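Biologist: I keep hearing words like "buried", "paired" and "pocket", and I'd like to see what backs each of them up. Can you walk me through it?

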Amino acid sequence: MAHLNLGVFISGRGTNLQSIIDACEAGKIDASVAVVISDQAEAYGLERARKHNISPIHVPVGKNNTPKYDEADRRQLEILREYQVDLVCLAGYMRRVGRAVLEGYAEAILNIHPALLPSFPGTHGQGDAADYGVKVSGCTVHLAWPKFDTGPIIIQAAVPVLEDDDGDSLADRILRQEHKIYPQAIQWFAEGRLQIEGRCVTVKDARPPTIAEAIISPGLEI
Ligand code: GRF
């Protein structure tokens, strides 16, 4: 596939958006961000877009299943078409994507989630993992399906959970990996290397996992 036009959906500070913009500008991925759409007028991610001459668009979204929600869904699709977006990247977008966008971009919407799905779906992945007491957590880039946090998994990174971690410290460790795996997933999409069968994704000619065979946490002593 040729150069990709990305449409990034955000609700907040937009550090993942920034990592995508940086990867595009550095030529690490064959893509550029054409438009940033936020449901929050004050999202700092919109400011990041402005700084890089990317159109920042605020689309207020009403409550799920209301006419205002459907209207926003249609408006978002219109914007994506207007900017000739090839791939939608959800990057900290805290709302459900509506049916028009899901159908208009079937198999062309990615999401990043701050836990190792299918564990800890929902809006508090890092805190839930820390509270549960798991020893390893991480992040996941997956294709967005209508049901939240369920779509086919493209790439995951695992990090250790340390004894004195709370949700925030774990979130920081995970976030650093999010910034690596999201641009990578986009590049594989751009290269047409994602083969999707049911809910399983294969990356054509993928390298062996980075780092090691396994992360074992706490560390082995024998
Ligand atoms: C990230 O942890 C992402 O995984 C989750 O929301 C957070 C967004 O952070 N979906 P940012 O706005 O990209 O900094």
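Modeller: What follows is a run through some labels on this predicted model, each set against its cut-off.

Biologist: Let's start with S38. Why is S38 called buried?

Modeller: Buried means under 20% relative accessible area. S38 has 0% relative accessibility, so it counts as buried. It sits in strand β2.

Biologist: What is S38 in contact with, beyond its neighbours within four places in sequence?

Modeller: I10, S11, A43, L46, I57, H58 and V59. There's also a C-alpha pair to look at: S38 and G12 are 26 residues apart along the chain, with 8.0 Å between those atoms.

Biologist: What makes the links from the S38 side chain to I10 and Q40 polar contacts?

Modeller: The pair has to be N or O atoms within 3.5 Å, one able to donate a hydrogen and the other to accept it. The S38 side chain reaches the backbone oxygen of I10 at 3.4 Å, and the backbone oxygen of Q40 at 2.8 Å. Both distances fall within 3.5 Å, so both go down as polar contacts.

Biologist: Sticking with that strand, how do you know that β2 and β3 are paired?

Modeller: The rule asks for at least two bridges. Strand β2 (residues 31–38) and strand β3 (residues 55–58) have 4 bridges between them and run parallel, so they pass. V36, for one, stands opposite P56 in β3. Add helix α2 (residues 44–51), and β2, α2 and β3 form a right-handed β-α-β unit.

Biologist: And what makes β4 a partner of both β1 and β5?

Modeller: Same test. β1 and β4 share 4 bridges in the parallel sense, with V8 matched to C89 in β4. β4 and β5 are parallel too, joined by 3 bridges, and there L90 has N111 as its bridge partner. Each count meets the minimum of two, so each pair stands. β4, α4 and β5 also make a right-handed β-α-β unit.

Biologist: Which way do the residues of β4 point?

Modeller: L87 and C89 point one way, V88 and L90 the other, and all of them are buried.

Biologist: Why is α1 described as largely enclosed by the rest of the structure?

Modeller: Because 9 of its 11 residues are buried. Those are T15, N16, L17, Q18, S19, I20, I21, A23 and C24. The cover over them includes β1, β2, α2, β4, β5 and α6. After α1 comes G27, with a positive phi near 75 degrees.

Biologist: What makes Q84 and E107 stand out?

Modeller: Most residues other than glycine have a negative phi. Q84 has a positive one, near 50 degrees, and E107 has a positive one near 60 degrees. Q84 is in the loop between α3 and β4, while E107 is in the loop between α4 and β5.

Biologist: Is Q84 buried or exposed, and how do you know?

Modeller: Exposed means over 50%. Q84 has a relative accessible area of 58%, so it is exposed.

Biologist: What about the peptide bond from L117 to P118?

Modeller: Most peptide bonds are trans. The one from L117 to P118 is cis, with omega near 10 degrees. P118 belongs to the loop between β5 and α5.

Biologist: On to empty space. What makes one space a cavity and another a pocket?

Modeller: In a cavity the probe fits but cannot get out, while a pocket is open. The structure holds 1 cavity of 30 Å³ or more, and the largest cavity has about 30 Å³ of space. Its lining is V61, Y69, A72, D73, Q76, Y93, R96 and G98.

Biologist: And what lines the second largest pocket?

Modeller: That pocket holds about 800 Å³ and has 40 lining residues, with G92, Y93, M94, N111 and I112 nearest its centre. α1, α3, α4, β5 and α6 each supply at least two lining residues, and α6 gives the most, with 4. Y93 turns up in the linings of both the cavity and this pocket.

Definitions and conventions. Residues are numbered from 1 along each chain as its sequence is written. This is a predicted model: local features need pLDDT of at least 70, side-chain atom pairs count only at pLDDT 80 or more; totals for chains, interfaces and linings use all residues. Side-chain values use heavy atoms; hydrogens and water are left out. A crossover is right-handed if, with the strands pointing away from the viewer, the path from the first strand over the helix to the second runs clockwise. Buried means under 20% relative accessible area, exposed over 50%, partly exposed in between (1.4 Å probe, protein chains only). Contact means heavy atoms within 4.5 Å. On a 1 Å grid over the protein atoms alone, a cavity is a set of points where a 1.4 Å probe fits but cannot get out, and a pocket is an open set with protein on both sides within 12 Å along at least five of seven lines; lining residues have an atom within 4 Å of a point. Grid points are joined across faces, edges and corners, and a volume is the space filled by probe spheres set on the points.
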